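Trainee: Could we go through this structure together, one topic at a time?
Mentor: Yes, ask away.

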Amino acid sequence: MHRPTALGGALVALATAAAGVLVAAAVSTAPAAAAVAGTGTGYLHTSGNKIVDSTGATVRLTGINWFGMETDNKTFHGLWSSNPWRSQLDTMARLGYNTLRVPYSNDALKPGATATGINDYVNPDLVGLSPLQILDKVIDYAGGKGMRVILDRHRPTSAGQSPLWYTSTVSEATWIADWKTLARRYANNPTVIGADLHNEPHAEGTNPAATGACWGCGVAARDWRLAAERAGNEILAVQPNWLIFVEGVSCPSGGLSNVWDGDPSNDEDCGWWGGNLSKAGQFPVRLNVANRLVYSPHEYATSVYRQAWFDDPTYPANMPAIWDRYWGYLHKQNIAPIMMGEFGTTLQDPKDRVWLQNLMAYTGTGVNGMSFTYWSWNPNSGDTGGIANDDWTTINQAKQDILQPYLIPPVGGGGGPSPTPTGSSSPPPATGACTAGYQQVNAWQGGFQGELTVQNNGTGAVNPWSVTWTWPAGVTLASGWNATVTQSGTTVTAAAPDWARSLAPGASVTIGFTANGTAATPAAVKLNGTAC
C-alpha cells in the first residue's frame, strides 16, 4: 500500500461506490513459455530508458496491482466475491492491463502459511492451497494471457509497512533469502519478470536524528541504495534474467524535517513514500548484471495526502517540474527506465482528475512511454478505491477512461489462434462443423458455476466468433469470463473480445460463467448460428 511522508495508518477495507458497467473477458489459452506482442518475447532487460524483450523490441508495461497477499489473508483479496479469480484476470487483460504487480509479505512465504478469505463455491480449485500455490496458479493463468508478473515485497509482516527493509523480527538476511527462494521457484518462467525489492522505504525520526531509509548517506543500516544493491545482486546471482525494480525514499536524509527549529540545514525536499529518486542520478544503484535496473517511484493524489503542490496557484502546470525533479529526469536523461509501481486516486476531488490526466500525459503515449502499474484493481483500497467496483466484477469507468489511451493489452499465449484484423470475416461453419461439451464446476444454494467448451470443426476460421445457448426460464447470468457474456430472455450470448476475435479450425474456446437459479445444462448451443 502507499502512505505519504509523515502520514501513518493501516490498510483499511473500505469500499467506494461508483457507477460501473459489466465487463467481460478476453479469451485465454494455454500458458505460454514466453509472452508475445504487448509484453514482448522471452525475458526482459533494459536499454537506456527503455525496457526491451529478448529480440530487442521495446516493451511498455501497463499494469495493475492486485493486493491481498501482504495482508492477514495472505492471498489475493476479492477471492471472497462472486467473481471467480480467473474472471478477474480476464477482465484485467481485456481492459488492457498487461502486467500484474503482486504485493506480498514475508509471512505469506512461511512454511504452513494459510490463505484465508476464499469463496469455496466460486473458487473451489483454490481450497486448501497455500499462498504460494495460489500464486502459482495466478502466474500460470496470467502468463497464458500474455501478461507479465512483478513480485513486490510489500511488508516484512502482514501487520504493516516498515520504513526500512528489515525490522526487529524480519532481518535483512531473511528478506534476501526469501527473495532468492522466489527467484529459484520461478527461475524458468518468463511470465515472472522481476523483483520490486521493498515497498515504499521512507523517513522516520526527526532530523538530525534520522532513523529511516536514506539515499546516498552511506550508513549501511539505513542507506536504501546500498541495500538495494546487496539484495539485487544476490537475486541476480540466482536468476540473472530478472529485472530489479528499485523504489525511491521519501526524504533522502532518511529523517523528517524539523520546521520549528529555525535551522534550514535540517529541512529538505521530501516526497511520497517510495517516490523520491532525486539522488539516484548522483548515487545510482550498481548491479553486477548490466541492463537489469528499473527505477520504480510511487505517485499519489489528494485522496492519499494533500501535498503542498496541489494548492500551488499554478497547479497543474507546476506538476511536470515536480515529477522531473523526483524521478522523471532518470527517463528524460536516458539513465534508466521508469516503471511507476503505484499511483491512484478516488477521483472524488476535481483536482485528482486533473492530476491523473496530466500524470498519464507526462508518461507519454505508445510503446515508448514510461511503464506503470496502477493502484489498484481492488475496490477495498481505503484511500484510492480501485478499478473494480465493490462487486469485484463491474469497473469504475471514470478511472478506466483516463487510463485507457495509455494501455497496451497483452496478447494471449501460445497455443491459440492469432488475432485477425477487424473487418476480416468468415462465414459460419457448415452444419455439424462444431462440437460442444459442458462441465458443471460447482453448485450452491441458488446458483451454480459451469464451463461450456465449443470447438470449431470447420475448415475455415470463424471471425468474429459468437456462441449462443439457452437456459430454462428462471436461470439468469451472474458473471462470465473468456468472452463478453450477456443474456436476453432465455438466450445467452458469448461474443469474442476485440483482440481475440478469430477461432481457427480445430481450435476451441471455454466459456466460464456463474448463474443464479437451479443448475441447468446449456441447450441449443450454436457457433455463429450453426448448431453444435
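**Strands, helices and loops**

Mentor: This is a predicted model, and a good place to begin is the pairing of β20 with strand β21 (residues 491-495), which runs in the antiparallel sense over five bridges. Within that pair, Thr484 has Ala495 of β21 opposite to it.

Trainee: What order do the strands take in the open sheet of five?
Mentor: The order is β20-β21-β18-β23-β24, and the pairing in this open sheet is antiparallel. At the edges stand β20 (484-488) and β24 (530-531), each of which pairs on one side only.

Trainee: And the sheet with eight strands, how is that one ordered?
Mentor: That open sheet follows the order β10-β9-β8-β7-β6-β5-β14-β12, with parallel pairing. Its edge strands are β10 (293-295) and β12 (339-340), and each has a single partner strand, so one side of each is left without a neighbour in the sheet.

Trainee: How many bridges join β5 and β14?
Mentor: Three bridges join strand β5 (residues 62-65) to strand β14 (residues 371-374), and they pair in the parallel sense. Ile64 has Tyr374 in β14 as its bridge partner.

Trainee: Which strands does α3 lie across?
Mentor: Helix α3 (residues 172-185) lies across β6 (99-105), β7 (148-155) and β8 (192-196), and its direction is at about 160° to β7.

Trainee: Staying with β6 and β7, what do Asp152 and Arg101 do?
Mentor: Their side chains meet in a salt bridge, at 3.2 Å from N to O. Asp152 belongs to strand β7 and Arg101 to strand β6, so this pair ties together parts that are 51 residues apart in sequence. Over the whole structure, a search finds 18 salt bridges.

Trainee: Back to α3, then: at what angle does it cross α4?
Mentor: The axes of α3 and helix α4 (residues 224-238) cross at roughly 35° and come within 9 Å, and α3 passes α4 in a right-handed crossing. On the α3 side the contact involves Glu172, Trp175, Ile176, Trp179, Lys180, Ala183 and Arg184, and these meet Trp224, Ala227, Arg230, Ala231, Glu234, Ile235 and Val238 in α4. By residue class, this contact of α3 with α4 divides into nine nonpolar, no polar and five charged.

Trainee: What about α1 and α2, how do they cross?
Mentor: Helix α1 (residues 85-95) and helix α2 (residues 131-144) have axes that come within 10 Å and cross at roughly 40°. That angle makes α1 oblique to α2, and α1 passes α2 in a right-handed crossing. Trp85, Arg86, Leu89 and Asp90 in α1 meet Lys137, Val138, Tyr141 and Ala142 in α2, and the residues of this contact divide into five nonpolar, no polar and three charged.

Trainee: And how far apart are the axes of α5 and α6?
Mentor: The axes of helix α5 (residues 319-332) and helix α6 (residues 350-363) are 12 Å apart, and the two pack at an angle of about 30°, which makes α5 roughly parallel to α6. Here too there is a right-handed crossing, with α5 passing α6. From α5 the contact takes in Met319, Pro320, Trp323, Asp324, Trp327, Gly328 and Lys332, and from α6 Trp355, Asn358, Leu359 and Tyr362. These residues of the contact of α5 with α6 divide into seven nonpolar, two polar and two charged.

Trainee: Switching to the backbone, where are the cis peptide bonds?
Mentor: One joins Tyr315 and Pro316, with omega about 10°, and Pro316 lies in the loop between β11 (298-300) and α5. Another joins Asn463 and Pro464, with omega about -5°, and Pro464 is found in the loop between β17 and β18 (466-470). As background, most peptide bonds are trans.

Trainee: What is the phi of Asn291?
Mentor: Phi of Asn291 is near 65°, a positive value in a residue other than glycine, and the residue lies in the loop between β9 (243-246) and β10.

Trainee: Last one: which residue takes a positive phi in the hairpin of β16 and β17?
Mentor: Gly446 does, with phi near 90°, in a hairpin that has two residues between the strands. Strand β16 (residues 434-444) and strand β17 (residues 447-456) pair in the antiparallel sense over 10 bridges, and Tyr438 stands opposite Leu452 in β17.

Technical notes:
Residues numbered from 1 in each chain as written. Predicted model: local features only at pLDDT ≥ 70, side-chain atom pairs only at ≥ 80, totals over all residues. Heavy atoms only, no water. Axes fitted to C-alpha atoms, helices over the stretch in contact; angles between N-to-C directions. Helix = DSSP H or I, 4+ residues; strand = E, 2+ residues; numbered from the N terminus. Parallel < 35°, antiparallel > 145°, perpendicular 65-115°, else oblique. Left-handed = near helix turned anticlockwise from the far one by under 90°. Contact = heavy atoms within 4.5 Å. Nonpolar A, V, L, I, M, F, W, Y, C, P; charged D, E, K, R; others polar. Pairing = 2+ DSSP bridges. Salt bridge = Lys/Arg side-chain N within 4 Å of Asp/Glu carboxyl O.
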